[in-house]
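Notebook open, structure about to go up on the screen. I'll jot things down as I look them up.

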Amino acid sequence: MMIHVCCSANSDSDAQLHCGHKIMRAVIGRNGVSAAKREGDLCTPLGTFPLKCVYYRADRVARPRTTLPVIPLSPQDGWCDDPASTDYNRHVTLPHPARHEQLWRDDHVYDLVVIVGYNDAPARPGAGSAIFMHLQRPDGSPTEGCVALTEQDLRSVLAEGATTMAIHPPGVSP
């Protein structure tokens, strides 16, 4: 099943996620969307991408219902965001020598995180990494390029069988 992210024309980071007949509020990158995503630009990439797998904090939340592979997180899970590394835009085991993001976080943003198949076949250095669908911050603030939903909405999307996500520019609806 394909889900659609439709960006607001009024705000860089406000969006709607369409899943079947449901429409949910989503938050995207602070600088909106881009067809030419670059590492650190705070944009969410435009395009259609597969949803690869789901990681979750088994010590905090229940295992999600989904057709995607589900993997419990551990404190050693990371994601390389260093364009100079051969591990760029890949899951890594910590400690890791290259710059990386830790997936086991003190906040709750990655308690439930879906890996989006962006720039991974193969990864082009500097074209953007660590594009996920994850939980919104309590204040609803923008992401660094990911798509964020409430836990209830993300669980609903996964339970509906989402396997692909299309991210559309402002003014374009599914």
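How many nonpolar, polar and charged residues does the lining of the largest pocket have, by class? I get six nonpolar, five polar and seven charged. Note to self before going on: this is a predicted model.

**Pocket**

I looked up the rest of the pocket next. The largest pocket holds about 280 Å³ of space. I find 18 residues in its lining, and E101, A130, E144, G145 and C146 are the ones nearest its centre. I picked two of those names to follow up.

A130 went first. I place A130 in the loop between β11 and β12. Its phi is near 55°, a positive value in a residue other than glycine. Buried or exposed, this A130? Its relative accessible area is 7%, so I write A130 down as buried.

Then E144. I find E144 in the loop between β12 and β13 (147-149). With a relative accessible area of 61%, E144 is exposed; the cut-off for that word is over 50%. I also checked a distance: E144 and A127 are 17 residues apart along the chain, and their C-alpha atoms are separated by 14 Å.

While in that loop I looked at G140, which also has its place between β12 and β13. G140 is buried, with a relative accessible area of 17%. I took one long-range distance from G140 too: A62 is 78 residues away in sequence and 22 Å away in space, C-alpha to C-alpha.

**Aromatic rings**

On to the rings. I count three aromatic pairs in the structure. One of them is W79 with F132, edge-to-face, at 5.4 Å centre to centre and with 90° between the planes. This pair links distant parts of the chain: W79 is in strand β8 (residues 77-80), F132 is in strand β12 (residues 132-135), and they are 53 residues apart. I have both W79 and F132 down as buried.

Why do I call Y110 and F132 edge-to-face? Their planes are at 85°, so the pair falls in that class, with the ring centres 5.5 Å apart. The cut-off I used for the angle is over 60 degrees. Again distant parts of the chain are linked: Y110 is in the loop between β10 (100-102) and β11 (112-116), F132 is in strand β12, and the separation is 22 residues. Y110 is buried, as is F132. Putting the two pairs together, I see W79, Y110 and F132 linked by ring pairs into a cluster.

I then looked for charges over rings. R105 lies over the face of Y110, at 4.6 Å from the ring centre. So Y110 goes in my notes twice, as a member of the cluster and as the ring under R105. R57 lies over the face of W104, and there the distance to the ring centre is 3.4 Å.

**H96 and its contacts**

Where is H96? I find H96 in the loop between β9 (91-93) and β10. Its relative accessibility is 15%, so H96 counts as buried. I looked up what its side chain touches. There is a polar contact with the side chain of D87, at 2.8 Å. A polar atom of the H96 side chain also lies 3.2 Å from the backbone nitrogen of A98.

**Backbone oddities**

Last pass, the backbone. Going from L94 to P95 the peptide bond is cis, with omega near 0°. P95 is in the loop between β9 and β10, where I had already placed H96. I noted another cis peptide bond, from A121 to P122, with omega near -10°. P122 sits in the loop between β11 and β12, which is where I put A130 as well.

I also wrote down L42 for its positive phi, near 65°, in a residue other than glycine. L42 lies in the loop between β4 (33-34) and β5 (44-45). At 25% relative accessibility, L42 counts as partly exposed.

Terms used:
Residues are numbered from 1 along each chain as its sequence is written. This is a predicted model: local features need pLDDT of at least 70, side-chain atom pairs count only at pLDDT 80 or more; totals for chains, interfaces and linings use all residues. Side-chain values use heavy atoms; hydrogens and water are left out. Rings of Phe, Tyr and Trp (its six-membered ring) pair if their centres lie within 6.5 Å; planes under 30 degrees apart count as stacked, over 60 as edge-to-face and the rest as tilted. Helices (H or I, at least four residues) and strands (E, at least two) are DSSP runs, numbered from the N terminus. Buried means under 20% relative accessible area, exposed over 50%, partly exposed in between (1.4 Å probe, protein chains only). A charge sits over a ring if NZ of Lys or CZ of Arg is within 6 Å of the ring centre and within 35 degrees of the ring normal. On a 1 Å grid over the protein atoms alone, a cavity is a set of points where a 1.4 Å probe fits but cannot get out, and a pocket is an open set with protein on both sides within 12 Å along at least five of seven lines; lining residues have an atom within 4 Å of a point. Grid points are joined across faces, edges and corners, and a volume is the space filled by probe spheres set on the points. Ala, Val, Leu, Ile, Met, Phe, Trp, Tyr, Cys and Pro count as nonpolar, Asp, Glu, Lys and Arg as charged, and the others, Gly among them, as polar. A polar contact is a pair of N or O atoms within 3.5 Å; within protein, one must be able to donate a hydrogen and the other to accept it, and residues adjacent in sequence count only if both atoms are side-chain atoms.
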